[in-house]
Amino acid sequence: MTLCLLVICLVCSGLLAGVYALTKAPIEVASENKTTAAISKVLPSFSRVDKDLKIEVKGKGFTYYRAFDDNAALVGYAIESRSVGFGGALKVMVGITADGIIYNTSVLSQSETPGLGAKCTEAVFADQFKNVDPAQKKLAVKKDQGDFDAITASTITSRAYLKALETAVEVFQEIKAEGQPEQATAEAGQQETKVNEEE
């Protein structure tokens, strides 16, 4: 019996390893395409972007993308921000222009309740964060004396979304404090991608 169980475990492990090897590349491609689409959505039109840049803020690591136009001038930053909603982790791509305006946002992943918190992906909620100046508006729901409407019956998710935006603004400020270049430079080993159309 022990030998049979051992053989079954080995066979199952082999099958799982095989499936992982077969699906790893397609999953990575799909994830990269989703990220590229999100960057295009949250920033004004650009011609190139520096990918997978890293920064640490308050002890936490963040990934961001720096976009430039045809004249090599800085368009803005797409920042992967995260918080915890009602159902778990909430990951949002936040586009912030060179002058500090939140241009747009896009949910990368969420596990909120369908029909309730999951509405954070819908335009009726997310569109209120377009072209927001965080220096002029408080990134909080109106229930917390902020300037934004919460999703009906989903205050926790709404707060989490706004927390992700607030964190992205903090990351942006840290990036600027580090003196990131406002003109594109040919840095060795820098990853680039070209995107010409805004989603």
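The side chains of E170 and K58 meet in a salt bridge, with 3.5 Å from N to O. E170 belongs to helix α3, while K58 sits in the loop between β1 and β2, so this pair ties together parts that are 112 residues apart in sequence. The model is a predicted one. Keep that in mind as you look around.

What makes such a pair possible? Side chains of opposite charge can pair when their charged atoms come close. How much of each partner can be reached from outside? E170 is partly exposed, with a relative accessible area of 23%. K58 is exposed, at 69%. The cut-off for exposed is over 50%, so K58 passes it with its 69%.

Stay with these two residues, for they lead to a pocket. Both K58 and E170 are among the residues that line the largest pocket. The lining also includes V57, K60, F62, R82, S83, K163 and T167. The volume of this pocket is about 190 Å³. Which elements build the wall? Strand β2 (60–68), strand β3 (74–84) and helix α3 (155–177) each give at least two residues to the lining. Helix α3 provides the largest share, with three residues.

Now follow helix α3 to another salt bridge. Here the side chains of R159 and D144 meet, 2.8 Å from N to O. This pair links distant parts of the chain. R159 is in helix α3, and D144 is in the loop between α2 (123–126) and α3. The two residues are 15 apart. R159 counts as partly exposed, at 36% relative accessibility. D144 is partly exposed too, with a relative accessible area of 24%.

Next, turn to strand β1, which covers residues 48–57. R48 lies in this strand. D50 forms a salt bridge with R48, and their closest N and O atoms are 2.3 Å apart. The contact between the R48 and D50 side chains is also a polar contact, at 2.3 Å. Are these charged residues buried or exposed? D50 counts as buried, at 1% relative accessibility. R48 counts as buried as well, at 15%. The reason is the cut-off: buried means under 20% relative accessible area. The charged group does not end with this pair. R48, D50 and R66 are linked in a network of salt bridges. The count of salt bridges in the model comes to eight.

Strand β4 offers another polar contact. T97 has its place in this strand, which spans residues 89–97. What does the side chain of T97 touch? It is joined to the side chain of D99 by a polar contact of 2.3 Å. T97 counts as buried, with 12% relative accessibility.

Finally, move to helix α1, which runs over residues 2–42. L10 is found in this helix. Is L10 buried or exposed? L10 is exposed, with a relative accessible area of 56%. L10 also has company. Together with L3, L6, V7, V11 and L15, L10 makes a nonpolar surface patch. The area of this patch is about 600 Å².

Look back over the route. A salt bridge joins E170 and K58, and both residues line the largest pocket. The salt-bridge network holds R48, D50 and R66. The nonpolar patch includes L10, which is found in helix α1.

Key:
Residues are numbered from 1 along each chain as its sequence is written. This is a predicted model: local features need pLDDT of at least 70, side-chain atom pairs count only at pLDDT 80 or more; totals for chains, interfaces and linings use all residues. Side-chain values use heavy atoms; hydrogens and water are left out. Patches are made of residues with over 30% relative accessible area and no salt bridge: like charges are joined within 9 Å, nonpolar side chains (Val, Leu, Ile, Met, Phe, Trp, Tyr) within 5 Å. Accessible areas come from the Shrake-Rupley method with a 1.4 Å probe; for residues, only the protein chains shown count as cover. A salt bridge is a side-chain nitrogen of Lys or Arg within 4 Å of a carboxyl oxygen of Asp or Glu. Helices (H or I, at least four residues) and strands (E, at least two) are DSSP runs, numbered from the N terminus. Buried means under 20% relative accessible area, exposed over 50%, partly exposed in between (1.4 Å probe, protein chains only). A polar contact is a pair of N or O atoms within 3.5 Å; within protein, one must be able to donate a hydrogen and the other to accept it, and residues adjacent in sequence count only if both atoms are side-chain atoms. On a 1 Å grid over the protein atoms alone, a cavity is a set of points where a 1.4 Å probe fits but cannot get out, and a pocket is an open set with protein on both sides within 12 Å along at least five of seven lines; lining residues have an atom within 4 Å of a point. Grid points are joined across faces, edges and corners, and a volume is the space filled by probe spheres set on the points.
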